[in-house]
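Open the model in your viewer and switch to a cartoon view. We will make a few stops, one selection at a time.

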Amino acid sequence: MESGEQEPWGYSRGLNQRLSEPRPLERLTAAGARRVALAAQGFATPRPAGRIDARHIRSVIDRIGLLQLDSVNVFCRSHYLPLFARLGPYPKDLLDRMAAHTAGPVQRELFEYWAHEASLLPLALQPYLRWRMARWSTDAWGSIARIAQQRPELVTEVLRLVSEEGPIRASDTGIARPKRTPGQMWNWHDGKIALEYLFFSGTVTAARRINFERRYDLASRVIPRDIQARPTPTEADAQRQLLRIAANALGVASEPDLGDYFRLPRAASKAGVAQLVAAGELLPVAVEGWTAPAYLWPSARRPRRVKARAILSPFDSLIWARDRTERIFNFRYRIEIYTPPPQRVFGYYVLPFLLGDQLVARVDLKSDRQTSRLLVQAAFAESGVDRTWVAAELAAELHLVARWLDLDDVVVAPRGDLAVDLAAATG
């Protein structure tokens with residue numbers, strides 16, 4: 001790619017390269033940096049007023065780069081929520097179709113791979129992740145790397161099965177699932193592990209999901225030919241491009257923030273950020289209250305006000321880095337799913353509530369699909385907020401999300417210092 005040639009999402013490798021004069025270090029207030037971060041993530045843009053279609057979904061994903069996947073479904077699958085937070089009610093099946101290999105009118109635009117974690121990503125990003133696919137032996141976790149080394153005949157047999165019968169489920173490999181041991185997160189059988197090795201290495205991918213279970217098929221049958229035909233960037237070029245996407249999505253960030261967005265090796269993140277700074281593609285800034293050096297995406301929006309209202313998934317890219325969330329919002333957040341119940345502070349599946357430019361509350365939510373109720377199992381306000389106002393806005397958002405999830409009612413349990421006000425506001 002020639003210097004200055006436009007890359008996906010409009011990022012240019014030649015941006016500001018001709019800057020020869022050293023810039024004085026700009027200083028951002030904590031509030032200013034917070035608004036920059038919110039705008040970069042799409043929260044300074046009002047939700048659409050009319051019908052939401054694929055263009056709106058595409059715009060959000062292009063802005064934030066990816067949607068993180070997670071299997072927990074106590075409230076709603078996590079990858080659906082970032083779009084709702086930014087767009088309001090939208091057809092979830094439309095996202096499903098954009099991420100599936102079908103012959104329908106909506107063409108595949110997204111694919112699954114390991115990015116921040118397991119993620120849905122724009123197809124145009126696939127070449128920029130081939131370096132990770134090639135590093136399966138060093139970057140994949142233990143059991144995946146080991147099965148390719150210790151049981152290559154099984155990997156070959158599973159690949160043959162996918163080639164002849166795909167898309168397949170992990171259970172179609174015919175290998176029994178082992179008994180789960182205490183404390184074990186996954187109890188994958190060797191057939192599933194072999195599929196995950198092939199997935200990590202880019203040989204197979206998810207053709208679609210049914211009830212959140214992957215249907216594996218050959219990547220050559222799923223990834224469009226024009227994407228497959230694109231040249232493979234060097235590892236350094238690919239990682240710099242991922243840093244550009246992260247910088248655009250974060251607005252202002254530390255180097256660890258930027259590298260963590262796509263889980264880059266730390267040495268590669270440091271080197272890539274230094275190169276982008278030298279080229280004028282990242283601007284060093286000082287942010288009030290930040291101890292680490294910060295970097296500003298040159299075209300980041302700097303709104304004077306942000307009027308957002310959203311319930312955030314624990315895996316929303318705005319807050320998935322907990323130390324960054326605390327640094328920007330002065331909001332300490334930990335997910336407590338794996339915490340023993342007696343040790344939980346706020347609840348099992350707690351979601352932050354964004355109002356204006358602040359995280360003002362948190363709610364423990366559960367969708368009771370049998371009784372068609374959205375259960376607010378606990379509600380807590382942050383110190384110093386106007387609880388009446390917060391409760392009214394949160395109640396409106398809870399009713400909106402309940403209707404989107406086809407739930408008939410919102411029921412607030414009497415736990416948490418916001419529960420009484422919220423129960424009154426929900427009616």
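How many residues lie between β12 and β13 in their hairpin, and which residue in the turn has a positive phi? Keep that in mind as you select. This is a predicted model.

**Stop 1: the β12–β13 hairpin**

Select residues 373-381, which are strand β13. Add residues 358-368, which are strand β12. Four residues sit between the two strands of this hairpin. Now click on Ser-372 in the turn. Ser-372 has a positive phi of about 55 degrees.

Next, look along the pair. β12 and β13 run in the antiparallel sense and share eight bridges. Show Asp-368 and Arg-373 as sticks. Asp-368 stands opposite Arg-373 in β13.

**Stop 2: the other side of the story for β12**

Keep β12 selected and add residues 350-356, strand β11. β11 and β12 also pair in the antiparallel sense, over six bridges. They form a hairpin too, with one residue between them. Find Leu-351 and look for its bridge partner in β12: that is Val-363.

Is β12 largely enclosed or not? Turn on the surface and check. Nine of its 11 residues are buried, so β12 is largely enclosed by the rest of the structure.

A general point helps here. Strands of a sheet pair through backbone hydrogen bonds, in a parallel or an antiparallel way.

**Stop 3: an open sheet**

Now select β1, β8, β9 and β7. In that order they make an open sheet of four strands, with mixed pairing. The edges are β1 (26-28) and β7 (252-254). Each edge strand has a single partner, so one side of each has no neighbour in the sheet. From one strand to the next, the twist averages 45 degrees.

Zoom in on β8 (residues 283-287) and β9 (residues 294-296). This pair is antiparallel and has three bridges. Pick Pro-284, then look across to Tyr-295 in β9, which stands opposite.

**Stop 4: two crossing helices**

Select helix α8 (residues 152-165) and helix α9 (residues 190-200). Their axes come within 9 Å and cross at roughly 75 degrees. Angles of 65 to 115 degrees count as roughly perpendicular, so α8 is roughly perpendicular to α9.

Which residues make the contact? Show the side chains. From α8 come Leu-154, Val-155, Val-158, Leu-159 and Val-162. From α9 come Asp-190, Ala-194, Leu-195, Tyr-197 and Leu-198. Colour them by class. The contact has nine nonpolar residues, no polar ones and one charged residue.

Key:
Residues are numbered from 1 along each chain as its sequence is written. This is a predicted model: local features need pLDDT of at least 70, side-chain atom pairs count only at pLDDT 80 or more; totals for chains, interfaces and linings use all residues. Side-chain values use heavy atoms; hydrogens and water are left out. Two strands pair if DSSP finds at least two bridges between them. Axes are lines fitted to C-alpha atoms, for helices over the stretch in contact, and angles run from 0 to 180 degrees between N-to-C directions. Buried means under 20% relative accessible area, exposed over 50%, partly exposed in between (1.4 Å probe, protein chains only). Angles under 35 degrees count as roughly parallel, over 145 as roughly antiparallel, 65 to 115 as roughly perpendicular and the rest as oblique. Contact means heavy atoms within 4.5 Å. Ala, Val, Leu, Ile, Met, Phe, Trp, Tyr, Cys and Pro count as nonpolar, Asp, Glu, Lys and Arg as charged, and the others, Gly among them, as polar.
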